[in-house]
Amino acid sequence: MANLLSQEAIEKALSTRWLGRRVYYYPVVGSTNDILKELATRGEPAGTLLLADFQWKGRGRLGRRWQAPPGTALLFSLLFQPGWPGHKVSWLSMVGGLAIVEAIFQLTTLKAYLKWPNDIVLKREGRWHKVGGILLDGEFSDGELQNAILGIGINVNMSREELPDVSMPVTSLLIESGKSISRLELLRLLLQQLEIYYESAVAGVSPHLAWESLLITRGQAVQVSDPKSGLTIAGIAEGTDEWGRLLVRDDKGKVHPISAGDVTLRS
Ligand code: BTN
């Protein structure tokens with residue numbers, strides 16, 4: 001039987017000042033992002049945390065599904081109301097990625113990296129394996145980001161048999177560390193880091209350089225496809241701009257700033 005969480009246990013575990021101090025816990029939901037988006041329209045405050053032990057309609061980027069057996073993953077969403085202009089929304093994913101990498105390291109000493117734009121990856125036997133992902137849903141009013149829902153999914157205690165069957169190699173913290181990991185402690189560390197990174201971004205400190213330094217995609221030969229438009233661009237990922245767009249130089253020397261898509265590293 002999976003080890004399920006509870007609202008009391010979450011409230012007791014957290015060590016943040018304001019982030020996650022209002023908690024909604026559900027054993028089962030469709031998608032934590034969808035429910036929190038709904039709650040946000042009814043006036044929930046910034047910092048609200050919604051966590052579930054199982055999602056039957058968990059969403060990934062680009063319309064994909066996000067699956068994990070009950071009680072094996074950390075699945076949650078956070079509400080932010082930064083009032084930033086639209087182009088700055090990527091800073092939220094950046095601070096999320098930085099906090100996840102830091103929390104994983106503090107708890108397990110595993111060194112995670114980021115695959116553009118929002119995958120959390122670990123290297124094993126020369127191959128990158130996805131251990132988590134971020135899904136950012138934003139609501140704008142007059143060009144300003146009002147309610148932003150930062151959804152985070154991390155494969156924590158999934159055995160090999162429990163990993164989803166997806167196109168990219170995937171893994172869990174249990175598989176990589178050989179130890180069962182406390183999801184509550186991971187949540188505590190992650191929110192603690194995120195509160196710090198977010199406050200610093202609000203104070204005007206760009207998370208871009210720290211985030212870019214963790215990107216495995218940087219300097220690589222890549223192929224980026226946008227499943228929505230069907231367009232594919234091949235070239236060298238020279239870096240990212242302040243707003244997280246991937247800068248890919250094609251073989252004619254033209255640099256394409258890419259906001260969304262799927263990256264394949266070409267060898
Ligand atoms: C991706 O890598 O494609 C993003 C995955 C994001 C998954 C999380 S799990 C919690 C939150 N609720 C969702 O429906 N999705 C995000």
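Me: At roughly what angle do the axes of helix α3 and helix α5 cross?
Reply: Happy to start there, with a note that this is a predicted model, where local features need pLDDT of at least 70, side-chain atom pairs count only at pLDDT 80 or more, and totals for chains, interfaces and linings use all residues. Residues are numbered from 1 along each chain as its sequence is written, and side-chain values use heavy atoms, with hydrogens and water left out. Axes are lines fitted to C-alpha atoms, for helices over the stretch in contact, with angles from 0 to 180 degrees between N-to-C directions. The axes of α3 (residues 90-108) and α5 (residues 183-202) come within 8 Å, and the crossing is at roughly 140°.

Me: Which word describes how α3 and α5 lie to each other?
Reply: Angles under 35 degrees count as roughly parallel, over 145 as roughly antiparallel, 65 to 115 as roughly perpendicular, and the rest as oblique. The axes cross at roughly 140°. The two helices, α3 and α5, are therefore oblique.

Me: How many nonpolar residues does the contact of α3 with α5 have?
Reply: Contact here means heavy atoms within 4.5 Å. Among the residues making it are W91, L92 and V95 of α3 and L186, L189 and Y197 of α5. Ala, Val, Leu, Ile, Met, Phe, Trp, Tyr, Cys and Pro count as nonpolar, Asp, Glu, Lys and Arg as charged, and the others, Gly among them, as polar. By class there are 3 polar and 2 charged residues, and the nonpolar ones number 16.

Me: How many strands does the protein chain have?
Reply: Good one for a DSSP user: helices (H or I, at least four residues) and strands (E, at least two) are DSSP runs, numbered from the N terminus. On that basis the protein chain has 6 helices, and its strands number 12.

Me: Which strands stand at the edges of the sheet of 7 strands?
Reply: Two strands pair if DSSP finds at least two bridges between them. The open sheet has mixed pairing and the order β1-β2-β3-β7-β6-β5-β4. An edge strand has a single partner strand, so one side of it is left without a neighbour in the sheet; here these are β1 (23-29) and β4 (113-115).

Me: What is the bridge partner of L114 in β5?
Reply: β4 and β5 (residues 119-124) run antiparallel and are joined by 3 bridges. The residue of β5 that pairs with L114 is I120.

Me: At about what angle does α5 run to β3?
Reply: Helix α5 also meets the sheet of 7 strands, whose order includes β2, β3 and β7. It lies across β2 (49-55), β3 (73-80) and β7 (144-155), and its angle to β3 is about 30°.

Me: What is the order of the strands in the sheet of 5 strands?
Reply: Several pairings help us here. β8 (residues 221-226) and β9 (residues 231-240) pair over 6 bridges, while β9 and β10 (residues 246-249) pair over 4 bridges. A further 4 bridges join β8 to β12. The open, antiparallel sheet has the order β11-β10-β9-β8-β12.

Me: Which residue takes a positive phi in the hairpin of β9 and β10?
Reply: T240 stands opposite L246 in β10. The hairpin has 5 residues between the strands, and the one with a positive phi, near 85°, is G244.

Me: What radius of gyration does the protein chain have?
Reply: The radius is taken over C-alpha atoms, and the globule rule is 2.2 Å times the number of residues to the power 0.38. With 267 residues, a compact globule would have a value near 18 Å, which agrees with that of the protein chain, 18 Å.
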